[in-house]
Amino acid sequence: MKISSLATDAVWAGEEDLLLTGATTVPISLGVAHGYPDVEAWQAVALGRAPGYIYARNTNPTVEAFERKIQALERAGDATSFSTGMAAISNTLFALLKPGDRVVSAKDTYGGTNQIFLSTLPRWGVQVALCDTTSPEEIEAEIGRGCALLYLETPTNPTLKVQPVARLAEAARRAGALVVVDNTFATPINQHPLALGADLVIHSATKYLGGHADAMGGALCGRAELVRAVFHHREINGASLDPMSAYLLLRGMKTLSLRIERQNASAMTVARFLARHPRVAQVNYPGLESHPQHEIAAEQMDGFGGMLSFALKGGFDEVKHVLPKFRLMHRAANLGAVETVGGPPATTSHVECSPEERAAMGIPEGLIRYSVGIEAVDDLVADLAQALE
Ligand SMILES: *Cc1c(COP(=O)(O)O)cnc(C)c1O
């Protein structure tokens, strides 16, 4: 089944094989193994010559429905899944890189990804060049020095920097490098890295895909032979998505386009409100014309997303004073949920950094990351107004 609209795919795609009994909702298939009375049939499935399931670390019907749905939404040749977003990222890097390779990426990747670049990959003989996130020139120059894999994340966490995917993918292609993009913040409703020239797209499904902050998962989408290679690594590595989480993620994805449309619109309203507020020093939102990469964002994104961050003039003391006053906000290290979630990078994405390191990354101590929920936007603006009063 190939349906055309993203909103329709989010509801229908990937489920048809599981609805053969007349069920209208994907069953949660909890069995660890599938049995085969016929040894020849068993062997054919085990060798991958016939469709079917053997053991749940490798494949599972409910998990496969999740994979087919994200594959449809990313318009990808294939997709596979993981227990978390970090499992998707680490399995992809470990499966596709080898000692002596060189990776080019940016300083502003997700904290866990940054750890892999700074400490894990170098120990395995992989060189990593981390560039100024907003300098395509520097990234192109580093690609020119040798590059097996270009790793991008756009928009970034927590300062919402935007990278030009098509331009950088073109430079990587000339160097024969693979291009991997973390599309967690944008979601497939707002951005399609594969159409911009990426080979692979990664999601932390824990965030917007699930959308309800009650299940963890990760996904990888892209060219079939690359996805298969990472899948075979994951089969052995063991970081498989469990069927219960797959069901919750599938259920969340049904409303993905509704949620993202609302969150895109509300984030724009909130960003405009904050940009005019006297106690706010700076607002980071790619939809604002004042955003340094607004034009790139407008070109490569269909919506600017539900994430923004803003800096209070008073610094971290002011954050400690203001955050407890919010009534419509979970103060937590999560994002992309139906509820509004907020917090300072000093306790969430960049907790392991010193204030000086955060400053060097362009993260002021007064910054608050704000993940806009699906509440009525007037209520969110009123809550911000009273908290900042
Ligand atoms: C949360 C996040 C991850 C990691 O995902 P987990 O599901 O928490 O492992 C990776 N990239 C981005 C951009 C994220 O926000």
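Here are three short exercises on the pockets, the ligand and the cavity of this predicted model.

**Exercise 1. Work out where the ligand sits and what lines that site.**

Step 1. Start with the location: the ligand sits in the second largest pocket. That pocket has a volume of about 370 Å³.

Step 2. Now look at the walls. The second largest pocket has 24 lining residues, and Met86, Tyr110, Ser204, Lys207 and Met216 are the ones nearest its centre. Helices α4 (85-96) and α5 (111-123) and strand β6 (200-204) each put at least two residues into that lining.

Step 3. Sort the lining by class and you get 8 nonpolar, 12 polar and 4 charged residues.

**Exercise 2. Describe how the protein surrounds the ligand, then pick out polar contacts.**

Step 1. Find the neighbours. There are 14 residues around the ligand, with Gly85, Met86, Asp182, Thr206 and Lys207 coming nearest. Helix α4 is the top contributor to this shell, with 3 residues. By class, the shell splits into 5 nonpolar, 6 polar and 3 charged.

Step 2. Go through the N and O atoms, using a cut-off of 3.5 Å for a polar contact.
- Gly85 uses its backbone: an N or O atom there lies 2.9 Å from a ligand oxygen.
- Asp182 uses its side chain, where an N or O atom is 2.7 Å from a ligand nitrogen.
- Lys207 also offers a side-chain N or O atom, 2.7 Å from an oxygen of the ligand.

Step 3. Check the burial. On its own the ligand exposes 390 Å², and the protein buries 95% of that.

**Exercise 3. Characterise the largest pocket, then the largest cavity.**

Step 1. The largest pocket has a volume of about 630 Å³. It is lined by 24 residues, and Gly52, Thr59, Glu64, Arg228 and Phe231 are closest to its centre.

Step 2. Assign the lining to elements. α2 (39-46), α3 (61-73) and α9 (224-237) are the ones that give two or more residues to the largest pocket. The largest share is from α9, at 5 residues.

Step 3. By class, the lining of the largest pocket comes out at 10 nonpolar, 7 polar and 7 charged residues.

Step 4. Turn to the cavities. Searching the whole structure turns up 1 cavity of 30 Å³ or more, and the largest cavity holds about 30 Å³ of space. Its lining is made of Pro155, Leu160, Phe185, Met301, Phe304, Gly305 and Met307. That makes 6 nonpolar residues, 1 polar and no charged.

Conventions. Residues are numbered from 1 along each chain as its sequence is written. This is a predicted model: local features need pLDDT of at least 70, side-chain atom pairs count only at pLDDT 80 or more; totals for chains, interfaces and linings use all residues. Side-chain values use heavy atoms; hydrogens and water are left out. On a 1 Å grid over the protein atoms alone, a cavity is a set of points where a 1.4 Å probe fits but cannot get out, and a pocket is an open set with protein on both sides within 12 Å along at least five of seven lines; lining residues have an atom within 4 Å of a point. Grid points are joined across faces, edges and corners, and a volume is the space filled by probe spheres set on the points. Helices (H or I, at least four residues) and strands (E, at least two) are DSSP runs, numbered from the N terminus. Ala, Val, Leu, Ile, Met, Phe, Trp, Tyr, Cys and Pro count as nonpolar, Asp, Glu, Lys and Arg as charged, and the others, Gly among them, as polar. A residue is near a molecule or strand if one of its heavy atoms lies within 4 Å of it. A polar contact is a pair of N or O atoms within 3.5 Å; within protein, one must be able to donate a hydrogen and the other to accept it, and residues adjacent in sequence count only if both atoms are side-chain atoms. Accessible areas come from the Shrake-Rupley method with a 1.4 Å probe; for residues, only the protein chains shown count as cover. A molecule sits in a cavity or pocket if more than half of its atoms lie within 2 Å of its grid points.
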